[in-house]
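Please look over the sequence and the structure below. The paragraphs that follow go through selected positions, helix contacts and cysteines.

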Amino acid sequence: MEFSNLKSPGVVDCLIIGAGPGGLTAAIYLARFRRNIAIVDSGFSRAALIPTTHNCPGFPMGISGKEFLNRLRLQAARYGVEVQAGEVMRLKQVENFFEAHVSNSAGSGTSRHRGGDGGGGGGMSIIRAITILLATGTADLRLDTKHWKTCIQKGLIRLCPVCDAYEAKDQNIALISSSPREGVKHALFLRTYSRNVTLIYQAKAELTSAEKRRLLKVNVEVIEDALGSLHITGESKPSIRLSN
């Protein structure tokens, strides 16, 4: 696309919403393609909670989520990318570009405004861009426990079976799911990493007889009950209590 033929004064080529690993990687590539970009981040990347990841190529000893994000920011900064701290509150199309209304934040990163009105600090600013790249990531369904963040940071609660199953190999694994399809699929997958997998299934729709047989065949225990509470024991292990 010939951005220069479409762009009006004060309009950037691309606004990236989210400065997690995906957003920062996109920013690095676009900056190397010599595009004028803006990137906004609210400062709540779930990647920052990762204690140590070992499935990121190039880091054989592992790397923490915060350190990985810091390195990506440093790499992006080499190409002139500055992350604006804030949150996009409204996004609309105006003629041949998009207009993002950003609530500025005094958090981490820079608040220098690009391609719009206003500046740093508090209040609202506007960024105008030809294209929008949504790199907002996913929002997790949190368990009802005050220890949520601590458990994530200590690796006691894992959010992605594909990313984290290896870290839990040969341990007792409790899989909490409210989706019959995803619950069964993930339980069967985790069974290849541990002999002791329990599916705590808490959805209104019951598992079918066929699904239960598949799990029973590989010795996956199924508990159909709602989660009552989650605590951390003195041995720094999560302890689950069920409602019934």
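Glu 95 sits in the loop that joins β3 (83-94) to β4 (97-104). In this predicted model, Glu 95 has a positive phi of about 55 degrees, although Glu 95 is not a glycine. The relative accessible area of Glu 95 is 70%, so the residue is exposed. Asn 219 is another non-glycine residue with a positive phi, here about 65 degrees. Asn 219 is found in the loop between α7 and β9, and with a relative accessibility of 55% it counts as exposed.

From the loop at Glu 95 the chain continues into β4 (97-104), and that strand holds His 101. Is His 101 buried or exposed? Its relative accessibility is 18%, and because the limit for a buried residue is under 20%, His 101 counts as buried. Setting aside neighbours within four places in sequence, His 101 is in contact with two stretches of the chain's numbering: Glu 87, Val 88, Met 89, Arg 90 and Lys 92, and then Met 124, Ser 125 and Ile 126. Glu 87 to Lys 92 fall within the range given for β3, 83-94. For Ile 126, the separation along the chain is 25 residues, while the C-alpha atoms of His 101 and Ile 126 are 4.7 Å apart.

Contacts of this kind can be set against the whole protein. Of the contacts with a separation of 6 or more, 53% are between residues 24 or more positions apart. The protein has 244 residues, and buried residues make up 35% of them. Its secondary structure comes to seven helices and eleven strands.

Two pairs of helices are described next. Helix α2 (residues 21-32) and helix α3 (residues 65-77) have axes that come within 9 Å and cross at roughly 20 degrees. Angles under 35 degrees count as roughly parallel, and α2 and α3 are therefore roughly parallel to each other. The crossing of α2 past α3 is left-handed. Which residues of α2 and α3 meet? From α2 they are Pro 21, Leu 24, Thr 25 and Ile 28, and from α3 they are Phe 68, Leu 69, Leu 72, Arg 73, Gln 75 and Ala 76. By class, this contact of α2 with α3 has seven nonpolar residues, two polar and one charged.

The other pair is α6 (residues 180-190) and α7 (residues 209-217), whose axes come within 10 Å and cross at roughly 15 degrees. That angle makes α6 roughly parallel to α7. The crossing of α6 and α7 is left-handed. On the α6 side the contact is made by Pro 180, Val 184, Ala 187 and Leu 188, and on the α7 side by Glu 211, Arg 214 and Leu 215. The residues of the contact of α6 with α7 are five nonpolar, no polar and two charged.

Beyond α7 and the loop that holds Asn 219 comes β9, and Glu 221 is in that strand. Glu 221 has a relative accessibility of 46% and counts as partly exposed. Not counting residues up to four places away in sequence, Glu 221 touches Val 197, Thr 198 and Leu 199. The C-alpha atoms of Glu 221 and Ile 200 are separated by 8.5 Å, with their positions 21 residues apart along the chain.

Ala 226 lies in the loop between β9 (221-224) and β10 (227-232). At 35% relative accessibility, Ala 226 counts as partly exposed. Apart from residues up to four places away in sequence, Ala 226 touches Gln 202, Leu 242 and Ser 243. Ser 178 is 48 residues from Ala 226 along the chain, and the C-alpha atoms of the two are separated by 9.4 Å.

The cysteines come last. A disulfide is a covalent bond between the sulfur atoms of two cysteines. How many disulfides are there by the distance rule? The count comes to zero. The closest cysteine sulfur to that of Cys 160 is in Cys 163, at 3.1 Å, which is too far for a bond because the two sulfur atoms would have to lie within 2.5 Å. Cys 160 counts as partly exposed, with 24% relative accessibility. Cys 14, at 6% relative accessibility, counts as buried.

Key. Residues are numbered from 1 along each chain as its sequence is written. This is a predicted model: local features need pLDDT of at least 70, side-chain atom pairs count only at pLDDT 80 or more; totals for chains, interfaces and linings use all residues. Side-chain values use heavy atoms; hydrogens and water are left out. Axes are lines fitted to C-alpha atoms, for helices over the stretch in contact, and angles run from 0 to 180 degrees between N-to-C directions. Helices (H or I, at least four residues) and strands (E, at least two) are DSSP runs, numbered from the N terminus. Angles under 35 degrees count as roughly parallel, over 145 as roughly antiparallel, 65 to 115 as roughly perpendicular and the rest as oblique. A crossing is left-handed if the near helix is turned anticlockwise from the far one by less than a right angle, and right-handed if clockwise. Contact means heavy atoms within 4.5 Å. Ala, Val, Leu, Ile, Met, Phe, Trp, Tyr, Cys and Pro count as nonpolar, Asp, Glu, Lys and Arg as charged, and the others, Gly among them, as polar. Buried means under 20% relative accessible area, exposed over 50%, partly exposed in between (1.4 Å probe, protein chains only).
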